[in-house]
Amino acid sequence: MPDAAAILAFIACAVAIFYAGGRLSHYGDRIADLSGWGRAWVGLILMASVTSLPELIVGISSAAIVGSPDLAVGDVLGSCALNLLILATLDAFVPRRRLFGLASHSHVMAAALGIVLLATVGVGILTGDAFALTPWLGLSSVVFLTLYVGSVRLIFRHGRGIPPSLEVQPPLDEALDPRDADTAGLSLRQAAVRYAGFAAVVVVAAVILPQAAEVIARMTGLQESFVGTVFLALSTSLPEVAVSLAAIRMGAFDLAVGNILGSNLFNILILAIDDLAYTDGLLLADASPNHLLTVLATVSMSAIAIIGLTYSTATHKRFLLAGDAALMLLVYGGNAVMLFTLQLA
């Protein structure tokens with residue numbers, strides 16, 4: 001792919017993913033209303049799995065077609081960190097109140113399980129996935145799959161035990177946009193069909209991204225671990241940006257938070273799928289140890305999110321960003337600086 005074409009393809013795919021992701025939030029919210037599943041559950045499972053499709057497609061393409069473990073691992077881990085950065089940034093779009101203070105406490109379970117999964121990834125990278133089941137499949141992939149299925153089951157059982165009164169959203173500020181009128185008259189089937197259509201747009205755009213990213217990495221001379229963690233992760237996280245921002249503007253705070261935290265859980269499952277697609281060796285063993293920095297940063301940001309969700313005595317904030325959101329931004333920025341410094345060494 002020529003250099004100029006790679007840049008144009010990268011931008012075009014990013015725009016398509018962002019637009020389609022914005023529409024997904026509206027139809028997902030309609031599905032939550034009509035199905036009775038609730039915004040927190042729809043955000044955690046339905047929205048998160050679809051908005052993570054770019055990471056899935058990009059990861060498989062990076063591992064199987066491009067043959068780059070660093071692009072695959074960097075995209076997944078970078079997306080996890082970037083998702084939490086998005087969550088912290090969304091706090092600025094909630095006037096005078098803390099986003100974490102408005103979200104349901106049920107999200108603490110998802111954030112805590114995300115830390116467990118991330119710690120498992122860190123162990124796999126640190127040990128070089130020493131316990132291999134086959135020459136191209138590590139034991140860690142089986143652990144990722146088991147932990148993800150167990151986490152979803154645990155979250156579902158936990159959510160069923162939460163009284164409905166705790167899931168009610170607070171009164172919306174007048175500055176927030178009302179729900180889109182074009183979804184109000186849709187049936188559950190109509191909303192699901194439109195939801196699937198925009199999900200398909202996300203998948204098609206995601207297929208092209210890793211090839212463009214590889215060309216950009218070669219053009220700039222940057223390491224693939226840095227390109228995957230920053231640039232590729234940014235583009236594949238655009239659905240989370242669009243979905244969560246639209247959800248915030250609708251006042252669907254649980255949909256936004258559940259989408260981000262659910263996406264991080266699903267992203268770790270993607271690593272297991274990427275490991276299957278990568279047949280040149282073990283994915284985590286061949287990836288750069290620099291990814292451990294992103295693991296640690298994401299664990300720290302998840303812990304801060306848990307503190308913000310449990311500290312419900314103060315829902316108002318004095319500045320544009322609440323203290324928990326600002327601290328998450330600092331952690332992400334520090335990780336990006338350290339990764340850039342390492343790739344220059």
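These legends go with a set of close-up views of a predicted model.

**View 1. The whole chain, before we zoom in.** The protein is built with 14 helices and two strands. Of its 345 residues, 55% count as buried. Look at contacts between residues at least 6 apart in sequence, and 87% of them join residues at least 24 apart. The accessible surface adds up to about 14,100 Å², with 70% of that belonging to carbon and sulfur atoms.

**View 2. How far to trust the model, region by region.** The mean pLDDT is 79, and 81% of the residues reach 70 or more. Which element has the lowest mean pLDDT, and which the highest? Helix α9 (residues 224-236) sits at the bottom with a mean of 64, while α13 sits at the top with 94. Then there's the stretch 163-179, where pLDDT stays under 50. The model does give residues 163-179 36 contacts beyond four places in sequence. Still, where pLDDT is low, the predicted coordinates should not be read in detail.

**View 3. D91 and K317, one of two salt bridges.** The structure holds two salt bridges, and this close-up shows the one between D91 and K317. Their closest N and O atoms are 3.2 Å apart. D91 comes from the loop between α4 (69-90) and α5 (99-102), and K317 from the loop between α13 (291-310) and α14 (323-344), so the pair ties together parts that are 226 residues apart in sequence. Are these two residues buried or exposed? D91 counts as buried because its relative accessibility is 2%, and K317 counts as buried too, at 13%.

**View 4. R98 and D324, meeting at 2.9 Å.** Here the side chains of R98 and D324 form a salt bridge, with 2.9 Å from N to O. Why does this pair matter for how the chain is tied together? R98 lies in the loop between α4 and α5 while D324 belongs to helix α14, so the salt bridge links parts that are 226 residues apart in sequence. Both R98 and D324 are buried. As background, side chains of opposite charge can pair when their charged atoms come close.

**View 5. R96, in the loop between α4 and α5.** R96 lies in the loop between α4 and α5. Its phi is near 65°, a positive value in a residue other than glycine. R96 counts as exposed because its relative accessibility is 55%.

**View 6. Inside the largest nonpolar core.** This core has 76 residues, and the ones touching the most other members are L24, L87, L99, V121 and M328. Helix α11 (residues 253-277) supplies the largest share, 14 residues. What does L24 touch, once its neighbours within four places in sequence are set aside? Its contacts are M47, V50, Y195, F198, A199, V202 and V243. In general, nonpolar side chains tend to be buried together in soluble globular proteins.

**View 7. Two cysteines, C13 and C80.** How many disulfides does the structure hold? The count is zero. C13 counts as buried because its relative accessibility is 6%. C80 is buried as well, with a relative accessible area of 1%.

Technical notes: Residues numbered from 1 in each chain as written. Predicted model: local features only at pLDDT ≥ 70, side-chain atom pairs only at ≥ 80, totals over all residues. Heavy atoms only, no water. Salt bridge = Lys/Arg side-chain N within 4 Å of Asp/Glu carboxyl O. Helix = DSSP H or I, 4+ residues; strand = E, 2+ residues; numbered from the N terminus. Buried < 20%, exposed > 50% of the residue type's maximum accessible area, 1.4 Å probe, protein only. pLDDT = per-residue confidence, 0-100. Contact = heavy atoms within 4.5 Å. Core = buried A, V, L, I, M, F, W, Y, C linked by side-chain atoms within 4.5 Å. Disulfide = S-S within 2.5 Å. Areas by Shrake-Rupley, 256 points an atom, 1.4 Å probe, with all protein chains shown as cover.
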